[in-house]
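Biologist: Please choose one part of this model and go through it closely, then place that part in the rest of the protein. A plain account will do.

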Amino acid sequence: MITVLLCASLGVVLGACQMRDPYVAAPATATSGNWKIERQVDRVTGVPVPSATNIINNASNTFAERPSLASLQLTCFDGNPLVRFAFAFKVGTDTNSILGYRFDEKPGHDNVAARFLQEYRTVVIEDRAAIITFVNELATSNTLVVRLRSLNAGRTIADFKLEGAPAAIEAAFAGCPLTPPPQSEKKKRGAKA
């Protein structure tokens, strides 16, 4: 009995000493205005992690009782630029939802090409041309309003303050420059004919 208690106690003590790896638990960040820019190196590739995140607590949804957290993330994923919006509640699905946004008092963008991820709380812009448009406006703006309309998840709205965006853009897309998408081989052949 004493041996069992000692083993159990030792297991609890050793378990308490184990900590999650900082790469996933508490990444090193630097602040640029309203942005958190990751400042750590990927343990596999040895290159800096390309990510900048802006977190707010004022996202609202038709079916949520109170405002909640949301985030805007700029990143380079698998060599491609990506803009990611994440919410604490469901915001829609690919088949029946629309993403729109507006920077400052500039003309808004509605029905933006976006993909809703499986848990329906995350929306990503993956189209390079759409990302270039988004980032060009982001770099010179103070505020961003994101609006989602969904037949099954109601309406969602989130307001982001963008101070520090140029440094966030530079850090997030250092590994995948924002250049226009390459023309397909089919278009190139058609132009030569």
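Modeller: The part to look at is the second largest pocket, and strand β4 gives the most to its lining, with 4 residues. Bear in mind that the model is predicted. The space in this pocket comes to about 180 Å³. Its lining consists of Q73, T75, C76, F77, D78, G79, L82 and R84. Two strands, β4 (68-77) and β5 (80-87), each contribute at least two residues to that lining. Sorted by class, the lining residues are 3 nonpolar, 3 polar and 2 charged.

Some lining residues also have recorded partners elsewhere in the chain, and T75 is a good place to begin. T75 is one of the lining residues, and F173 touches T75. Along the sequence F173 and T75 are 98 residues apart, yet in space their C-alpha atoms are 6.2 Å apart. F173 sits in the loop between α4 (165-172) and α5 (185-192). Is F173 buried or exposed? F173 counts as buried because its relative accessibility is 6%, and the cut-off for buried is under 20%. Leaving out residues up to four places away in sequence, F173 touches L74, T75, P81, L82, I131, V135 and L178. L82, like T75, belongs to the pocket lining.

Two of those partners, I131 and V135, lead to helix α3, where both are buried. Helix α3 covers residues 128-138, and 8 of its 11 residues are buried, so the helix is described as mostly covered. The buried residues are R128, A130, I131, I132, F134, V135, E137 and L138.

F134 and L74 both lead on to the nonpolar core. The largest nonpolar core has 39 residues, and those with the most contacts inside it are L72, L74, F85, F134 and L144. In soluble globular proteins, nonpolar side chains tend to be buried together. L72 shows who its neighbours are: beyond four places in sequence, L72 touches W35, A52, T53, N54, V83, R84, F85, F134, L144, F160 and L162. Among these partners, R84 is also part of the pocket lining. F85, F134 and L144 are both partners of L72 and residues with the most contacts inside the core.

F160 and L162, two of the residues that L72 touches, are also touched by T143. T143 has its place in strand β9 (residues 143-150). T143 is partly exposed, because its relative accessible area is 26%. From T143 to F160 there are 17 residues in sequence and 5.6 Å in space, C-alpha to C-alpha. The full list of T143 partners beyond four places in sequence is R102, F103, D104, F160, K161 and L162.

D104, one of those partners, has an unusual entry of its own: its phi is positive, about 45°, although D104 is not a glycine. D104 is in the loop between β6 and β7 (115-116), and D104 is partly exposed, with a relative accessible area of 22%. N111 lies in the loop between β6 and β7 as well. N111 also has a positive phi, about 55°, without being a glycine. N111 is exposed, because its relative accessible area is 57%, and exposed means over 50%.

One further loop residue is D94, found between β5 and β6 (97-103). D94 is partly exposed, at a relative accessible area of 44%. D94 touches A114, R115 and F116 when residues up to four places away are not counted. D94 and L117 are 23 residues apart in sequence, while their C-alpha atoms are 8.2 Å apart in space.

Now for the whole protein. The protein has 5 helices and 10 strands. Of its 193 residues, 36% count as buried. Among contacts with a separation of 6 or more, 58% are between residues 24 or more positions apart; the pair F173 and T75 touches across 98 residues of sequence.

As for confidence, the mean pLDDT of the protein is 85, and 80% of its residues reach 70 or more. Residues 188-193 have pLDDT under 50 throughout, and in this stretch the model has 1 contact beyond four places in sequence.

Conventions. Residues are numbered from 1 along each chain as its sequence is written. Side-chain values use heavy atoms; hydrogens and water are left out. A nonpolar core is a set of buried Ala, Val, Leu, Ile, Met, Phe, Trp, Tyr and Cys residues joined through side-chain atoms within 4.5 Å. Buried means under 20% relative accessible area, exposed over 50%, partly exposed in between (1.4 Å probe, protein chains only). Contact means heavy atoms within 4.5 Å. On a 1 Å grid over the protein atoms alone, a cavity is a set of points where a 1.4 Å probe fits but cannot get out, and a pocket is an open set with protein on both sides within 12 Å along at least five of seven lines; lining residues have an atom within 4 Å of a point. Grid points are joined across faces, edges and corners, and a volume is the space filled by probe spheres set on the points. Ala, Val, Leu, Ile, Met, Phe, Trp, Tyr, Cys and Pro count as nonpolar, Asp, Glu, Lys and Arg as charged, and the others, Gly among them, as polar. pLDDT is the predictor's confidence in each residue, from 0 to 100.
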